[in-house]
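Work through the following exercises with the sequence and the coordinates open. Each task is followed by a solution in steps.

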2 protein chains.
Amino acid sequence: MTPPAPKRRVTVNDVAREAGVSPATVSKALNDTGQLRPATRQSVREAAERLGFVLDGVGRSLASGRTYSVAVLTGDAIGRFSIPIMLGAENALAAGKMLVFLCDSRDDPLREQHYLRNLLERRAEGVIVTGRRTEPRAPIDAALPAVYAFAPSADPADCSVIPDDEAGVTLVVDHLVALGRTRVAHITGPASHLSARTRAEWGAARLATHGLEPHGAALFGEWSEAWGRAATEALIGHGPTLPDAIMCGSDQIARGVTERLRERGVRVPADIAVTGYDDWDVMVDGSRPTLTTINPRLGQIGRRAAELLLDKIAGRERPGIERIAPQLVSRASTLGEL
Amino acid sequence: MTPPAPKRRVTVNDVAREAGVSPATVSKALNDTGQLRPATRQSVREAAERLGFVLDGVGRSLASGRTYSVAVLTGDAIGRFSIPIMLGAENALAAGKMLVFLCDSRDDPLREQHYLRNLLERRAEGVIVTGRRTEPRAPIDAALPAVYAFAPSADPADCSVIPDDEAGVTLVVDHLVALGRTRVAHITGPASHLSARTRAEWGAARLATHGLEPHGAALFGEWSEAWGRAATEALIGHGPTLPDAIMCGSDQIARGVTERLRERGVRVPADIAVTGYDDWDVMVDGSRPTLTTINPRLGQIGRRAAELLLDKIAGRERPGIERIAPQLVSRASTLGEL
């Protein structure tokens, strides 16, 4: 087999020769500028296509001032939360002409500054800033249009897109109450996490609107299956009455809860209904029974952040915090096997 | 609070004024060109630093022909395999001056072409191509330096970096044999997957070097916990003798296996040792007992692909397939609780 000849970069001169016109005409035809007969424009385009000529985006950027590149700056690219957000943003931006730089700062402020400087040098048009927790973060230190996703900016003049945890908790409580449950316990992550604290508060507040009180104080611990098992042991070993529902702060916790309940001979959901949070496939499907949970629609958070960033680049500012409505996904852990 | 004044882009002229030199001198000082006294160069740099001036990377690219940007083109960015590879590559490249475009083709050849064309226009210097399966893939259709990661290129003249599955299977078999196990069964994913087929073959071949035969034919199914449970049921329900070890094709399968064994009162590892593959934290840690498994070092695959891409961009070609050695991580499912 003869190896293919190395591909030389096709130039404007090659296209001019192929089309039988001047290089200036090629430039006008491909950039849609100047006065040209449509037939000439067409024949130049066909010649460019035949030769596989690509317009020089770098030179064009210098002329237009646009680079059609933005960045996703993440403190935690490995995380389950950042990835769907990043992909949602990438898909929304790539549908236009934007390409996305992936900048993984690993929560290191020095690395973040290094990236921001690099992005300014390259004239990136904007940045989507994500984090792995919902606590507000300091605004970036760079004169670059930015939209914050998941972790909002601490500056209310910035634009942020975040999951609507209050709506999620409301969906769960209303679902459990609609199924006739009245003794709802709560097992969740560390009290040092904003999302754990606020979900516990909102859960209690929503139960109150139904005339109910939480079944005991919220149990704060870790975002792990092991904590779900341990907290379940504590819950069912004490107290005069058992809960008839356990609302969990994450799917990992909920999986541990269902596992320990099964081992203790407690039927889910006949005796105790269980709910998770996140709609994380391997936890939800691996759990027996499969988990009713909240899908926070992370991809939509990324897509919306991308739209708002494009708006901002175009000069349309929308300061403030926008919340993305989550979805309740009902499965066997509350409905039983169907 | 007074809103901060909008930041105007600092220009070469501003720096020249600040340093009391001509714009041409600023350019020479910051680009390290021309003849200048060191003190002049230094004072220009300090003026640039005070004003927060950033060099214009786009203009410089046009002059140097370099853009210091590469891409990671993934068919499956959401996948557990692509993400660690992508981050390994990104971290290796960012340590230099390279920024990484994230291009998620979602296994769509048209989207892949769209991205490649876009990357050529922007004069990206190269691309790392990843996939979600280890089957060889067609080379990309673009005159762009490329290195393939995880899924190798079908063209042996290309450069590919892949996990060394044969070494991984060898580590597992030798570990089980060293622990005195002689009846090693194998439960794995779909026979249509190259990784499932080759691991089964290599496992049998490695057992043969120890004078052992596999305990029954390999059980092909799905990459899921449910399949691990179902296959375990089949294994322990039939045959005159039980296996004393079950080598699994993935951590998900192994978690299902340990779960069903526990439910059937079979002790792990006292009666049957179990191994996984992938070192996926939530499966390994969630399993009871925790799983002995193979870590394929996906981050290292990404880092090595990045190094080889930088070599290729610099004109140093290293065609062929490079395999990254995996690591055996021993835990309770073979060693018992320590």
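The exercises below concern a predicted model.

**Exercise 1. The twelve-stranded sheet**

Task: Give the strand order of the open sheet of twelve strands, and state which strands stand at its edges.

Solution. Step 1: Reading across the sheet, the order is 11(A)-5(A)-4(A)-3(A)-1(A)-2(A)-2(B)-1(B)-3(B)-4(B)-5(B)-11(B), and the pairing is mixed. Step 2: Strand 11 (320-324) of chain A and strand 11 (320-324) of chain B each have a single partner strand, so one side of each lacks a neighbour in the sheet and these two stand at the edges. Step 3: On average, and with direction ignored, neighbouring strands of this sheet are turned by 25 degrees against each other. Step 4: For a pair inside the sheet, take strand 1 (residues 69-74) and strand 2 (residues 99-104) of chain B, which run parallel and are joined by six bridges. In this pair, B:Ser69 stands opposite B:Leu99 of strand 2 of chain B.

**Exercise 2. Strand 8 of chain A**

Task: Determine which way the residues of strand 8 (residues 245-248) of chain A point, and find the strands that pair with strand 8 of chain A.

Solution. Step 1: In a regular strand, side chains alternate between the two faces of the sheet. Step 2: In strand 8 of chain A, A:Ala245 and A:Met247 point one way, A:Ile246 and A:Cys248 point the other way, and all are buried. Step 3: Strand 6 (residues 184-188) of chain A pairs with strand 8 of chain A in the parallel sense over four bridges, and A:Ala245 is the bridge partner of A:Val184. Step 4: Strand 9 (residues 273-275) of chain A also pairs with strand 8 of chain A in the parallel sense, over three bridges; here A:Ile246 stands opposite A:Val274. Step 5: Strand 8, helix 10 (residues 251-263) and strand 9 of chain A make a right-handed β-α-β unit. The loop between helix 10 and strand 9 of chain A contains A:Pro269, which a cis peptide bond joins to A:Val268, with omega about 5 degrees.

**Exercise 3. The four-stranded sheet of chain B and its helices**

Task: Describe the open sheet of four strands in chain B and place helix 7 and helix 9 of chain B against its strands.

Solution. Step 1: The strand order is 7-6-8-9, with parallel pairing. Step 2: Strand 7 (219-220) and strand 9 (273-275) of chain B are at the edges, because each has a single partner strand and one side without a neighbour in the sheet. Step 3: Strand 8 (residues 245-248) and strand 9 of chain B pair over three bridges, with B:Ala245 opposite B:Ala273. Step 4: Helix 7 (residues 165-178) of chain B lies across strand 6 (184-188), strand 8 and strand 9 of chain B, and runs at about 170 degrees to strand 8 of chain B. Step 5: Helix 9 of chain B lies across strand 6, strand 7 and strand 8 of chain B, at about 145 degrees to strand 6 of chain B. Step 6: Helix 9 (residues 225-237) of chain B has 13 residues and reaches 18 Å from its first C-alpha to its last, close to the 18 Å expected. Its buried residues include B:Gly228, B:Ala231, B:Leu235 and B:Ile236.

**Exercise 4. Positive phi outside glycine**

Task: Are A:Tyr68 and A:Arg123 buried or partly exposed?

Solution. Step 1: A:Tyr68 has a positive phi of about 50 degrees although it is not a glycine, and lies in the loop between helix 4 (57-64) and strand 1 (69-74) of chain A. Step 2: A:Arg123 has a phi near 55 degrees, also positive in a residue other than glycine; its place is the loop between helix 6 (109-121) and strand 3 (126-130) of chain A. Step 3: Buried means under 20% relative accessible area. Step 4: A:Tyr68 counts as partly exposed because its relative accessibility is 26%, whereas A:Arg123, at 18%, counts as buried.

**Exercise 5. The nonpolar cores**

Task: Which residues touch the most other members of the largest nonpolar core?

Solution. Step 1: The largest nonpolar core has 50 residues, and A:Ile128 and B:Ile128 touch the most other members. Step 2: Leaving aside neighbours within four places in sequence, A:Ile128 is in contact with residues including A:Val72, A:Leu93, A:Val147 and A:Leu309. Step 3: Another core, of 36 residues, lies apart from it; A:Leu99, A:Cys103, A:Val129 and B:Leu144 are among its members.

Conventions. Residues are numbered from 1 along each chain as its sequence is written. Chains are lettered from A and ligands numbered from 1 in the order in which they are written. This is a predicted model: local features need pLDDT of at least 70, side-chain atom pairs count only at pLDDT 80 or more; totals for chains, interfaces and linings use all residues. Side-chain values use heavy atoms; hydrogens and water are left out. The expected span of a helix is 1.5 Å times one less than its number of residues. Buried means under 20% relative accessible area, exposed over 50%, partly exposed in between (1.4 Å probe, protein chains only). A nonpolar core is a set of buried Ala, Val, Leu, Ile, Met, Phe, Trp, Tyr and Cys residues joined through side-chain atoms within 4.5 Å. Contact means heavy atoms within 4.5 Å. Two strands pair if DSSP finds at least two bridges between them. Axes are lines fitted to C-alpha atoms, for helices over the stretch in contact, and angles run from 0 to 180 degrees between N-to-C directions. A crossover is right-handed if, with the strands pointing away from the viewer, the path from the first strand over the helix to the second runs clockwise.
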